[in-house]
Amino acid sequence: MSNGTLTRKLGFWSALAIAVGTTVGSGIFVSSGDVAKAAGTPSISILAWIIGGLIAIPQVMVLAELSTAYPENGSGYVYLNKAGWRPLAFLYGWATFWALDPPSISIMALAIVSYLASFFPFFSGIAGKLLGVAIILVITSIHYRSVKEGGLFQVIITAVKIIPFIIVIVLGLMYMKAGNFSYVPAHGAVKTSLIGGVSATTWAYTGMAAICFMAGEFKNPGKILPRALISSVFIVLALYTLLAICVIGLMPFDKLIHSNAAVSEAVSYIPGLSHIASSFVAITAIIVILGSLSSCIMFQPRLEYAMAKDGLFFQRFAKVHPKYETPSFSIIIQVTYACILVFMSNLTALLGYFTLIQLVINILDFAAVYKCRKRADYNPIYRMPMWKLTTILAILGASWLAWGTFTWAPWQGMIAAFIVIATGLPVYYYWNKRYGSASSKGNDVVA
């Protein structure tokens, strides 16, 4: 029986599966074409994927240090709070709950339905939305009943989602044409840009930090979290780079740069698979997005749980199920909210507008290590090498992505920021005045 706290039940493989499973999502199916178009040549395109992965390394190193110093549920909220930026920590969770996490669950569920509709046209309109809700509820039932079983499911679904990519890579290496790599754009026809190519890969490498939201539920977090974070970067880097090489080797580059479904079109160039390419990629996409959906339903409610334990969110969110030992109320409310959003439109635009807030706060997350290192209770088991340089690189990488997002929707992002601040700060001051620093954040997990 639970004593009202979350316990440490998850191991390394669950951590790795959550990190990889969250990162490898639907974007990879179209990003190969986007990166190729931005890069301009095959060699620059491949190099962009490599550099994009390398940029993520200092970021996960900073998170590895912070998460082993404070192995508690909540990720960025915890680090900002420990750094003394309590209002920002609250705004981080406030924006995440209302505008980022539940909408992302809804979008992924609807994406799965859209691929299923290619096989079963019946699932369009209201029928498709009802199916999306059903998918969310089925996955939720797994993570609601047991964090350990949820972790096992995540390991299985992540392993399954990697298999189709391995098939494409193996067959791609067998049937690729060397001539495709020697493509040279006509003078003035295509601009080559390494920076543009790297920028186009950045979103594909986002997601490893998911395990930091559940740091309080991993056994031996000082050992598991750094290994999982750093290993996930290299696994995803290898997967994306090999996939990029195969896609370029399979289809002519002048077609790749104009493709909106690069992986699907590349598969059609493999002998024997041309007639089932679209079906193969649709099935792959369903599995891949299902893995990401499962991961999000698993880790996202832990943020509000941590805030509620600290007196900065509705207190019911701190409730732990007496039998299942999961943050049951937080899971139910987030999923209910996500199911409501399934029936709304323009969620993708909403997610994009509020993402700028998240990115700016992520930059502050990395900067928080400077403040946290001055605290008496800062004793991380893992310490990043050359920490000042590593932190600067992490901040620069996150700033790059934030700038790219700002240029995409500047005024929408500013309006979203205003909404978060205008609605969040009054609530923060109310809760902070009522509960103060409710309890020591170190008491919300047990060994």
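Here are a few questions and answers about helix packing and empty spaces in this predicted model.

User: How do the axes of α7 and α12 run, roughly parallel or roughly antiparallel?

Analyst: Start with the angle: the axes of α7 (residues 147-175) and α12 (residues 277-299) come within 9 Å and cross at roughly 155°. Angles over 145 degrees count as roughly antiparallel. So α7 relative to α12 is roughly antiparallel.

User: And is the crossing of α7 and α12 left-handed or right-handed, and how many nonpolar residues does their contact have?

Analyst: The crossing of these two helices, α7 and α12, is left-handed. Residues meeting there include Phe153, Ile157 and Phe165 in α7, with Phe280, Ile287 and Met298 among those in α12. Sorted by class, the contact residues of α7 with α12 include one charged and eight polar, and the nonpolar ones number 13.

User: Which elements give two or more residues to the lining of the second largest pocket?

Analyst: This pocket, the second largest, has a volume of about 180 Å³. Its lining includes Trp13, Leu16, Val155 and Ile162. By class, that lining has eight nonpolar residues, one polar and no charged ones. The elements giving two or more residues to it are α1 (12-23) and α7.

User: Which helix gives the largest share of the lining of the largest cavity?

Analyst: The largest cavity has a volume of about 30 Å³, and it's lined by Ile55, Thr202, Gly397, Trp400 and Leu401. Three of these lining residues are nonpolar, two are polar and none is charged. The largest share, three residues, comes from the helix spanning residues 387-408, α16.

Technical notes
Residues are numbered from 1 along each chain as its sequence is written. This is a predicted model: local features need pLDDT of at least 70, side-chain atom pairs count only at pLDDT 80 or more; totals for chains, interfaces and linings use all residues. Side-chain values use heavy atoms; hydrogens and water are left out. Axes are lines fitted to C-alpha atoms, for helices over the stretch in contact, and angles run from 0 to 180 degrees between N-to-C directions. Helices (H or I, at least four residues) and strands (E, at least two) are DSSP runs, numbered from the N terminus. Angles under 35 degrees count as roughly parallel, over 145 as roughly antiparallel, 65 to 115 as roughly perpendicular and the rest as oblique. A crossing is left-handed if the near helix is turned anticlockwise from the far one by less than a right angle, and right-handed if clockwise. Contact means heavy atoms within 4.5 Å. Ala, Val, Leu, Ile, Met, Phe, Trp, Tyr, Cys and Pro count as nonpolar, Asp, Glu, Lys and Arg as charged, and the others, Gly among them, as polar. On a 1 Å grid over the protein atoms alone, a cavity is a set of points where a 1.4 Å probe fits but cannot get out, and a pocket is an open set with protein on both sides within 12 Å along at least five of seven lines; lining residues have an atom within 4 Å of a point. Grid points are joined across faces, edges and corners, and a volume is the space filled by probe spheres set on the points.
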